[in-house]
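Student: I am new to this structure and would like a close look at one part. Please take me through the salt bridges, one pair at a time, and then show me a few spots in the rest of the chain.

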Amino acid sequence: MMYLRDVSDTTLWKLLRNNFDGDDRLIAEMLSSNLIQICEEASDRMKIFPSLHSQYTLHDEKHFLRVTELMAKIIPAPVRNNLNPIEITLLILAAYYHDQGMVMDKEEIEQFKHNEEYILFKSNWELDHPNINDIRSALKIADKADLNNLLRLENNLYSAMLTDFIRQSHGKRSAEFVNNKYSSDQRWNASGVNLSRLVGKLCYSHVCPAVEIDKKNGFYYDESVGQYLVNMQYLAIILRLADILDFDRDRTPDFLYRSIHFTSNVSLDEWNKHRSVEGWIITQDEIRYTLKCDHPIYHKLALQYMNWIDEELQYAKIIADNFPAKISSNYFLALPQRVDRSRIEPKDNSYVFHDLEFSLSRDEVIKLLMTDKLYNSPSLCVRELLQNSLDALRYRKSVIKRDNGSEFVEGNIFFEHTIDEHGYQLIRCIDNGIGMDEVIIEKYLTKVGRSYYKSPEFARERTTFQKENVDFDPCGQFGIGFMSCFMLGDQIKVQTRRDYGPNKGLGKPLIVEINGLGGIIVLKEGPSNQKVGTNIEIKSRNKVPEFFDELEDEVKLLEFLRTAALNTEFPIIARCNILQLEDELVISPDEQKPVTMLERIGISSIVTFEKDFSEFSPLLKGYARASFLVDSAGLITTSNNEAHWDKGRRGYRSALVKKDSTEHFPFRYQSQAICIDGILICGIHNGEEAFFFESNLETDLDISDTSSFILDIRGELKPEVTPARSLPWSYSCRWDRIFDIIEKANGYIWEKVVASCPDPSDFWFLLAAYGGDLQYVRKKILWSHLVVPLLTPGNELLWRSLKDFEILYMSKGKEEQIILYDNERNVITNLNESSSIPELLIAMSEIEVSDCGTCLKFSKPTNDNECVTDYRSNYRIKFLPFVGLDTEVISLQLPFANINRNHPLSKLAIDAKYNVNPSNLQRFAELVITCLSKSKTQENLFSKSPPIISKEMSSVARRYLALDWEKIDKQYHPPYTLISEKLEKVQLNVNDFRYWALNYRNE
């Protein structure tokens, strides 16, 4: 077959040309002559039009010739010699035209990319091939050496995806092409019939399911063409077999696409080389390929391909064996039913092949996910049910608003905990949300780890919400929440009905019955009057004991909802009908305001300040609130006629003491709750500490105790949580942003306090008692109202307004303590251990360098809304303006870590503070700033000896050398200048970074 030049060299064409007499000879000679030109046109078309990708160029004449020759080889000689001229012609034409649907010009490809069906296919393909996301992530941080390889891998996968998409319809496209182009072409006529329709059917047959090759679908074994009878079923199976026996390029196993990764050397290029087999045998007794594989993956791919051939051989035999007796002797197959795999082997014995993969025990994995290994308390199943119901209600609200502009005000959720007539607990959750249909049940409800709200189908619907400004961001992320129901019981019944919106109507009423993790799932149609929404009923595994009280209750339905459903915007009714626990809870959709500690213990002579979180972003809801004692004149104080603050012993937090009681109330356990989508994630609400401890929710937040707050986060501001919807082990920049917003709300409260507390001593005590942080207060407020304490050389306490400062000097005291003092040697002091007044003053200042040394300079803030924390990265470094220095100066040798706020790299680092995916340049900026601001690095660089290269310095250098500086703005380029405490300069340039990279020794 390697020496076939064109169709006239093939066995079938020669048979057509030379094997007939009489009238058959005349038609055969005509057809054989026409075929030369027709087949040449097919080959030329493959050459003229650009390919999808270089790896898919072998849909060309070589493939057509091989398929044509393979047809002759697999048809037994008695059958081959009995074929009529029409049948031979149809086989040759099908060989040359079956893949014409794979050919598209660039304009067609671009049109495909904007096709909704393609976009949906692409999104699902990316979900099934997560390695494409790994490659994308690697591209964002790739250095020059890896960039081209990663781009090639990404291009490979997208080309494969596009080819997969086209392959779905290329049989139909081939048929359409043949019919449109040749239905009036006289060269395709035989016995008065144009053959394009039959060739089109054969083109389609090579991709349709084999079971569809029957007379019901128009494939007759006795198709009439003039005086000839044509067996279309037989021709179809011959085309399918010949196509796949040529190692069809369309049929690349999906396993290969999943194996392409930037950490492996697997590629489409190498797989295609392997398909150039070293040898093959196709006879009545044996089909065998000889392949020498460089890698076990290609070995596995070859074996998977052999499995496809086996399947095709078996389908073909079934079809041929079912021909009527009158034609069975004229149309039969004589091929083995299984390919011999013995000659598919490692090249040069480079590996030992075992077809092994990690496998998962279904029941054990589900048990691991859905029992207390993931969820610490069975009551958290209630949270998952609540979350699903809220998503469904928000979804239906968006659909109705989008379709007819009306509000969905009837949404509600009902929970019930009861005991049935047989003594088993029943937990019900009923909502009138969007509901489910069969597709969602099949593809998502019953698929662990697949969330409908992360699907391309929902993404497409969500774009319509965004256009009408009715979008919502669902709670569901991981696709495992529903399975938590198995924590409470094995028997689950779901009644559901989909609302497609006012314009499309309702779906079928459905009932899903689930009997255990390993049991069969029954899906049946519900009654016609079944309501829209979803009703989930869980039946407990065991009967309740005779004496059942709160100690036996694992569900804790009312307790959980009372504590966790804080901002759900839909009314919730929950009822417990169990005798010893009987109670009812109604949660209104109104926004809840947190109660402060002073309000909770019943003190009335107070002033309460609050901040609405929605002022920071419309994606935030809730309030931060704090109360303070006031005197008879309404001024903030530490003591009044109802209570006073006991300043406590050294090392202990202060406590509030009521005048009519000796009871102390430590200032702690404020009501501090962070919710995502209206459901509590962490914190303590209304003092429910015991419940939080039992359910293992995080209560100790890294936030000051200033306020009680309820913060609800929606949309793109939502920080990440674990699959159990708990806090991650380490906080990301998303969580840093949320904590900063809370502290800024507290900063607003302290703005009110500092402006209305006349006694500075009381103010600093309250700041310590409430755990406040003035770095979140606007600078202009601090400048106008803050009074700070100083100690004279004679240890007298002075108070001075911040706006009276002009210059402070600094030195380092014991244990790295920073000492600030004025011209008269008066020292800024802390009134208690929790104060950090010198730190605050440094953050409020500018650094001025003169011939006399370095000092802190103070001036009135010009930006009304600026806070100290606006210029702070994720590291404990002071970003301060350097006065009178070039912007290339990046840091000074001072008692504290500092960076020139005006340096271009500083701005990059500050901008990256909340960036989940910082650029490579931002990563470098963060790394170099952290390194160069450290005292150890500075001492090293200012030493007269050659620097000792630390691991951190080496990391900075390697990151620098990995960047493509030709494409980076000049303002970010070195030199980077440091100035010592003696005002000596060190400049770092490219050669220094190269030296650092080459001379690090890990000792």
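Tutor: Here is a walk through the salt bridges, followed by a pocket and some local details.

A word first on how to read it all: this is a predicted model, in which local features need pLDDT of at least 70 and side-chain atom pairs count only at pLDDT 80 or more, while totals for chains, interfaces and linings use all residues. Residues are numbered from 1 along each chain as its sequence is written, and side-chain values use heavy atoms, with hydrogens and water left out.

Now to the pairs. Side chains of opposite charge can pair when their charged atoms come close. Here a salt bridge is a side-chain nitrogen of Lys or Arg within 4 Å of a carboxyl oxygen of Asp or Glu. By that rule, the model has 42 salt bridges.

Start with Glu438 and Lys508, whose closest N and O atoms are 2.7 Å apart. Glu438 sits in helix α18, Lys508 belongs to the loop between β10 (491–497) and β11 (510–515), and the pair links distant parts of the chain, 70 residues apart. (Helices and strands are DSSP runs numbered from the N terminus: H or I over at least four residues, or E over at least two.) How covered are these two side chains? Glu438 is partly exposed at 35% relative accessible area, and Lys508 is partly exposed as well, at 42%. The scale calls a residue buried under 20% relative accessible area, exposed over 50% and partly exposed in between, using a 1.4 Å probe and protein chains only.

Next, find Lys718 and Asp473, which meet in a salt bridge with 2.9 Å from N to O. This pair again links distant parts of the chain, 245 residues apart: Lys718 comes from the loop between β23 (708–713) and α23 (733–756), and Asp473 from the loop between α19 and β10. Lys718 is buried, with 13% relative accessibility, whereas Asp473 is partly exposed at 23%.

A third pair is Lys744 with Asp870, where the closest N and O atoms are 3.5 Å apart. Lys744 is in helix α23 and Asp870 is in the loop between β30 (853–857) and β31 (878–880), so this bridge ties together parts that are 126 residues apart in sequence. Lys744 is partly exposed at 28%, and Asp870 is partly exposed at 27%.

Some bridges share partners: Arg462, Asp471, Asp473, Asp677 and Lys718 are joined in this way into one network. You met two of its members, Lys718 and Asp473, as a pair just above.

Let us turn to a hollow in the structure. The second largest pocket has a volume of about 1,200 Å³. It is lined by 49 residues, and the closest to its centre are Ser455, Glu457, Phe458, Ala459 and Arg460. On a 1 Å grid over the protein atoms alone, a pocket is an open set of points with protein on both sides within 12 Å along at least five of seven lines, and lining residues have an atom within 4 Å of a point. Grid points are joined across faces, edges and corners, and the volume is the space filled by probe spheres set on them. Helices α7 (116–128), α17 (380–404), α18 (438–445) and α19 (456–467) each supply at least two lining residues. The largest share, 11 residues, comes from α19.

Now for strand β30, where you can find Thr854. Thr854 is partly exposed, at 22% relative accessible area. Thr854 and Lys982 are 128 residues apart in sequence, yet their C-alpha atoms are 9.6 Å apart in space.

What about disulfides? A disulfide is a covalent bond between the sulfur atoms of two cysteines. With sulfur atoms within 2.5 Å as the cut-off, the structure holds zero disulfides. As for two of the cysteines, Cys855 is buried at 7% relative accessibility, and Cys931 is buried at 1%.

Finally, look at the backbone. The peptide bond from Pro974 to Pro975 is cis, with omega near 20°, and Pro975 lies in the loop between α30 (951–962) and β35 (976–979). Leu983 has a positive phi of about 65° although it is not a glycine; its place is the loop between β35 and β36 (985–988), and it is partly exposed at 32%. Lys556, also not a glycine, has a positive phi near 50°. Lys556 lies in the loop between β13 (533–543) and α20 (557–564) and is buried, at 12%.

Methods:
On a 1 Å grid over the protein atoms alone, a cavity is a set of points where a 1.4 Å probe fits but cannot get out, and a pocket is an open set with protein on both sides within 12 Å along at least five of seven lines; lining residues have an atom within 4 Å of a point.
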